[in-house]
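Please look over the sequence and the structure shown here before reading on. The report that follows takes up the overall build first and then turns to particular residues.

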Amino acid sequence: MKKLALTLTILSTFCALAYAGPEPYSGKEMKQVAPVPPPCPTWTGFYVGGFGGYKFSSVDTNLDLGGLWDTQFPEGRDALQANAPHDLNNSGFEAGGLIGYNYQWHNWVFGVEAEGGYLWAHKADNQPLVPVPNDPVDGYAFSTSFNTHYLATFAPRIGYTFCRWMPYVTGGLAVGQLDYSQNIVNILSPALGPYTFSEGASKTETNVGWMVGGGLEYAVSDHWRVRGQYQFIDLGSISFDTAGVGDFPTAPDFTGHHEASLREHNASFAIIYGF
């Protein structure tokens, strides 16, 4: 009887343990906590940055000779105007800095920015001999060059944020320095005697034009951002008039008008710090 009671007790205990199983977990213990995404940064505030870029300059040129070129030497006029460069397109790098301010309203960002940089953009076209048809003793050396030294832009911006991403458009004022020169030198006629002739000049001026563009900016952190940007810039034209210089009294009556116009396609990458 004692053995039977002991056996029943052991079986009851075993069944109770089997029925109870392991200690259940509460709902809070079973629930996995999802990671909280980082908050979107604010775009409001001042910022500064540095940028580097690559520029393609479209430079259209024109030479118009007049005065005694028209009446006494049309063959030379036509030869020089035909062989003058019609463009001095060039490309180069730019490096500079920027400063601006943004104000965020909901997802919209309104701002204003100024940037300026130095350009390594230069093109020269030198022709050692431009012959004159049907005139074996007349010929000219021809040299033309164009430089852009610096560029600055001042413009508002409008962007729309997708948390850390902000595409934007911009457009406004562009200011750049243009340097243009063109020279013509007679190199064959001196064989006929003490006769020299040259015509040309150079000019440097600061032009005010316009700019439109856009870009995409990304907030790496609450303060640091990176961006890529494209700008189309029109800086208008630069021109000057010349008169001939030579060992004969009518040399100044050989006149010329020299002109070059500049448009740029600028792509740049910037690193920005927002305050």
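## Overall build

The chain of this predicted model contains four helices and nine strands. Read from the N terminus, the order of the elements is α-α-β-α-α-β-β-β-β-β-β-β-β. Of the 275 residues in the chain, 39% count as buried, and the accessible surface of the chain comes to about 15200 Å², with 65% of that surface belonging to carbon and sulfur atoms.

A further description of the fold comes from its contacts. When the contacts in the chain with a separation of 6 or more are considered, residues 24 or more positions apart account for 75% of them.

## How confident the prediction is

The average pLDDT of the chain is 88, and 85% of the residues score at least 70. Among the elements of the chain, strand E7 has the highest mean pLDDT, at 98, whereas helix H1, which spans residues 2–20, has the lowest, at 47.

Two stretches call for particular care. Over residues 1–8 the pLDDT stays under 50, and the model has zero contacts for them beyond four places in sequence. Over residues 14–19 the pLDDT is also below 50, and this stretch likewise has zero contacts in the model beyond near neighbours in sequence. Where pLDDT is low, the predicted coordinates should not be read in detail.

## One side of helix H4

Which residues of helix H4 are buried? In this helix, made up of residues 74–83, they are Gly76, Arg77, Ala79 and Leu80. These residues lie on the same side of H4, because the arc that they cover around the axis is only 170 degrees.

The buried residues of H4 pack against several other elements, namely strand E1 (45–67), helix H3 (68–71), strand E3 (108–132), strand E4 (135–160) and strand E5. One of the buried residues, arginine 77, also forms a salt bridge with aspartate 70, in which the closest N and O atoms are 2.8 Å apart. The two partners are covered to different degrees: arginine 77 counts as buried because its relative accessible area is 18%, under the 20% cut-off, while aspartate 70, at 37% relative accessibility, counts as partly exposed.

## The disulfide

The structure holds one disulfide, and a disulfide is a covalent bond between the sulfur atoms of two cysteines. Here cysteine 40 is joined to cysteine 163, with a distance of 2.2 Å from S to S. The link between cysteine 40 and cysteine 163 is left-handed, with -110 degrees about the S-S bond.

Cysteine 40 lies in the loop between helix H2 (27–30) and E1, and cysteine 163 lies in the loop between E4 and E5, so the pair ties together parts that are 123 residues apart in sequence. Are these cysteines buried, exposed or partly exposed? Cysteine 40 counts as partly exposed at 49% relative accessibility, and cysteine 163 is partly exposed too, with a relative accessible area of 30%.

## Salt bridges around arginine 227

Side chains of opposite charge can pair when their charged atoms come close. How many salt bridges does the structure hold? There are eleven, and arginine 227 takes part in a salt bridge with glutamate 113, at 2.8 Å from N to O. This pair links distant parts of the chain, since arginine 227 is in strand E7 (residues 224–243) and glutamate 113 is in strand E3, 114 residues apart. Both arginine 227 and glutamate 113 are buried.

Arginine 227 also forms a salt bridge with glutamate 217, where the closest N and O atoms are 4.0 Å apart. Glutamate 217 belongs to strand E6 (residues 197–219), and the two partners are ten residues apart. Arginine 227 is buried, with a relative accessible area of 3%, and glutamate 217 counts as buried at 0% relative accessibility. These residues belong to a network of salt bridges that links Glu113, Glu115, Arg157, Glu217, Arg225 and Arg227.

## Asparagine 186

Asparagine 186 is placed in strand E5, which covers residues 165–186. This asparagine counts as buried because its relative accessibility is 6%. Which residues is asparagine 186 in contact with, leaving aside its neighbours within four places in sequence? They are Asp138, Gly139, Tyr140, Tyr195 and Phe197.

How values were computed:
Residues are numbered from 1 along each chain as its sequence is written. This is a predicted model: local features need pLDDT of at least 70, side-chain atom pairs count only at pLDDT 80 or more; totals for chains, interfaces and linings use all residues. Side-chain values use heavy atoms; hydrogens and water are left out. Helices (H or I, at least four residues) and strands (E, at least two) are DSSP runs, numbered from the N terminus. Buried means under 20% relative accessible area, exposed over 50%, partly exposed in between (1.4 Å probe, protein chains only). Contact means heavy atoms within 4.5 Å. The arc is that of the directions from the helix axis to the C-beta atoms. A disulfide is a pair of cysteine sulfur atoms within 2.5 Å. A salt bridge is a side-chain nitrogen of Lys or Arg within 4 Å of a carboxyl oxygen of Asp or Glu. Accessible areas come from the Shrake-Rupley method with a 1.4 Å probe; for residues, only the protein chains shown count as cover. pLDDT is the predictor's confidence in each residue, from 0 to 100.
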